Amino acid sequence: MKYTILAGLMLAGCGAAIAPTAGRAPANAPDTCNAAAHQGLIGSDATSSLALPEPKRLYGPNDAVTTDFSPARLNVQLNEIDNIVAITCG
């Protein structure tokens with residue numbers, strides 16, 4: 001019985017350590033999607049993002065976003081009035 005409780009506690013601790021980093025790019029991640037080439041679009045409206053290559057994902061401040069990390073995907077973050085505020089890989 002006590003081994004079952006101990007095993008459960010050990011597994012619970014492992015899950016908590018993994019969850020916060022899921023889907024996030026490392027802070028010093030390389031520019032795998034060529035996001036640096038598109039930084040000039042920051043401040044323009046969302047229709048400007050139509051010219052960006054696929055795969056891309058547009059999302060606003062209240063949109064649900066998956067936590068999967070895809071190094072080749074451009075993430076285009078929009079503000080409340082649909083202006084581009086960030087372009088990143090992921």
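**Figure 1. Overall fold of the predicted model.** The protein chain contains 1 helix and 3 strands, in a model that is predicted. Along the sequence, these elements succeed one another in the pattern α-β-β-β. The chain has 90 residues, of which 23% count as buried. Among contacts with a separation of 6 or more, 44% are between residues 24 or more positions apart. The accessible surface amounts to about 6200 Å², and carbon and sulfur atoms contribute 63% of this area.

**Figure 2. The open sheet of 3 strands.** The strand order is β1-β2-β3, and the pairing is mixed. β1 (56-59) and β3 are the edge strands, each pairing on one side only. From one strand to the next, the twist averages 15 degrees. Strands of a sheet pair through backbone hydrogen bonds, in either a parallel or an antiparallel arrangement. For β2 and β3 the sense is antiparallel, and their pairing extends over 5 bridges. Within this part of the sheet, V76 stands opposite I87 of β3.

**Figure 3. The largest nonpolar core.** This core consists of 10 residues: C33, A35, A46, L52, L74, V76, L78, I84, I87 and C89. The elements that supply two or more residues to the core are β2 (74-78) and β3 (84-89). In soluble globular proteins, nonpolar side chains tend to be buried together. V76 and I87, which stand opposite each other, are both members of the core.

**Figure 4. Surroundings of the core residue L78.** L78 belongs to the largest nonpolar core. With its neighbours within four places in sequence left aside, L78 is in contact with A46, L58, Y59, G60, P61, N83, I84 and V85. Two of these partners, A46 and I84, are likewise listed among the core residues.

**Figure 5. R57 in an edge strand.** R57 lies in strand β1, one of the edge strands of the sheet. R57 counts as buried because its relative accessible area is 16%, under the 20% limit. When neighbours within four places in sequence are left aside, the residues in contact with R57 are V65, T66, D68, R73, L74, N75, V76 and G90. Two of these contacts include polar contacts between side chains: one to T66 at 3.0 Å and one to N75 at 2.9 Å. R57 and Q77 are 20 residues apart along the chain, and their C-alpha atoms are separated by 8.3 Å.

**Figure 6. N75 and its link to R57.** N75 is located in strand β2, whereas R57 is in strand β1. N75 counts as buried because its relative accessibility is 5%, under the 20% limit. The side chains of N75 and R57 are joined by a polar contact of 2.9 Å. Beyond its neighbours within four places in sequence, N75 is in contact with R57, Y59, A86, I87, T88, C89 and G90. Among these partners, I87 and C89 are members of the largest nonpolar core. R57 and N75 also have a contact partner in common, as G90 is in contact with R57 and with N75.

Note on methods: Residues are numbered from 1 along each chain as its sequence is written. This is a predicted model: local features need pLDDT of at least 70, side-chain atom pairs count only at pLDDT 80 or more; totals for chains, interfaces and linings use all residues. Side-chain values use heavy atoms; hydrogens and water are left out. A nonpolar core is a set of buried Ala, Val, Leu, Ile, Met, Phe, Trp, Tyr and Cys residues joined through side-chain atoms within 4.5 Å. Buried means under 20% relative accessible area, exposed over 50%, partly exposed in between (1.4 Å probe, protein chains only). Helices (H or I, at least four residues) and strands (E, at least two) are DSSP runs, numbered from the N terminus. Contact means heavy atoms within 4.5 Å. Two strands pair if DSSP finds at least two bridges between them. Axes are lines fitted to C-alpha atoms, for helices over the stretch in contact, and angles run from 0 to 180 degrees between N-to-C directions. A polar contact is a pair of N or O atoms within 3.5 Å; within protein, one must be able to donate a hydrogen and the other to accept it, and residues adjacent in sequence count only if both atoms are side-chain atoms. Accessible areas come from the Shrake-Rupley method with a 1.4 Å probe; for residues, only the protein chains shown count as cover.
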